[in-house]
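Visitor: I am new to this structure. Please show me how to read its features one at a time.

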Amino acid sequence: MDRELLIPCKCRCSTLETRRSECFPVPEMASQTFAADDGKFGRDVVEKCRKYADKLPGLHSGLLLFGPPDSGKTFLSCCIANAALEKGMRVLMRSMPWVLSRRYGEVADTIEELARAELLVLDDLGAERETDYGREIVYSVIDTRYQSRRPTVISTNLTRTELAAPDDMACRRTYSRVLEMCLPLEVDTARRRSTRERYADMAKEFGW
């Protein structure tokens, strides 16, 4: 009797790996998932981000993660991005400094690329405030996402006051658009690690 040879299909896995490679500027971000959460970022905020990810790809509205540095915003953004990738979505995660570092001739193509993503994750909103040129680029990215009604997850170190009532008119235009398209979620879990704890992790990595 002939036996049928079963060969595992690697199509989905290879496609997922390709999309992960396209999504993340740093490979280590692919390991930052809800399953990897150690509980130190706060149960409530993690659960809200998980529920948001569960609703994808059926959402048009985005999420604005705001809070002080080192409070878990980038980790949570990566968790959402990885969950969306697992669902087969085309996801791009980029930082504002990366967007602003594009050469002049690359700007139009960059904005178009970010606009096409089924889910866009933007890290470090507010880094553009130093120049008029940077503010215009960021507004173009945000407005394009707004017009396309595609979900965008944004993280920022800006405070509630800085987001709601910025001094600069150009920033006010951008942040107003962000607040129209994204639900604000404060991330301040007091996770901000002490220097001793941070250095202890480094020493462990070095094998000391």
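Guide: This is a predicted model. Begin with one strand pair: β1, residues 62-66, runs parallel to β4, residues 152-156, and four bridges join the two. Within that pair, L65 is placed opposite S155 of β4.

Visitor: In what order do the strands of the sheet lie?

Guide: The open sheet has five strands, in the order β2-β3-β4-β1-β5, with parallel pairing. The edges are taken by β2 (91-95) and β5 (182-186); each has a single partner strand, so one side of each has no neighbour in the sheet. On average, neighbouring strands are turned by 15° against each other, direction ignored.

Visitor: Which helix packs on the sheet, and which strands does it touch?

Guide: Helix α8, residues 169-181, packs there and touches β1, β3 (119-125), β4 and β5. The direction of α8 makes about 95° with that of β5.

Visitor: How should I read a salt bridge?

Guide: Side chains of opposite charge can pair when their charged atoms come close. The structure has 13 salt bridges. One of them joins the side chains of E86 and R20, at 2.9 Å from N to O. Because E86 belongs to helix α3 and R20 to helix α1 (residues 11-23), this pair ties together parts 66 residues apart in sequence.

Visitor: What is the volume of the largest pocket, and which residues are closest to its centre?

Guide: The volume of the largest pocket is about 490 Å³. It is lined by 21 residues, of which Q32, F41, D70, T74 and F75 are the closest to the centre.

Visitor: Which elements supply its lining, and what classes of residue are found there?

Guide: At least two lining residues come from each of α3 (73-86), β3 and β4. The largest share, three residues, is from α3. Sorted by class, the lining of the largest pocket holds nine charged, eight polar and four nonpolar residues.

Visitor: What should I look for in the backbone?

Guide: Most peptide bonds are trans, and most residues other than glycine have a negative phi. Here the peptide bond from L56 to P57 is cis, with omega near 5°. P57 sits in the loop between α2 (43-55) and β1.

Visitor: Where is D124, and what is its phi?

Guide: D124 is part of strand β3. Although D124 is not a glycine, its phi is positive, about 70°.

Terms used:
Residues numbered from 1 in each chain as written. Predicted model: local features only at pLDDT ≥ 70, side-chain atom pairs only at ≥ 80, totals over all residues. Heavy atoms only, no water. Pairing = 2+ DSSP bridges. Axes fitted to C-alpha atoms, helices over the stretch in contact; angles between N-to-C directions. Contact = heavy atoms within 4.5 Å. 1 Å grid on protein atoms, 1.4 Å probe; cavity = no way out; pocket = protein on both sides within 12 Å on 5 of 7 lines; lining within 4 Å. Points joined across faces, edges and corners; volume = space filled by probe spheres on them. Nonpolar A, V, L, I, M, F, W, Y, C, P; charged D, E, K, R; others polar. Salt bridge = Lys/Arg side-chain N within 4 Å of Asp/Glu carboxyl O.
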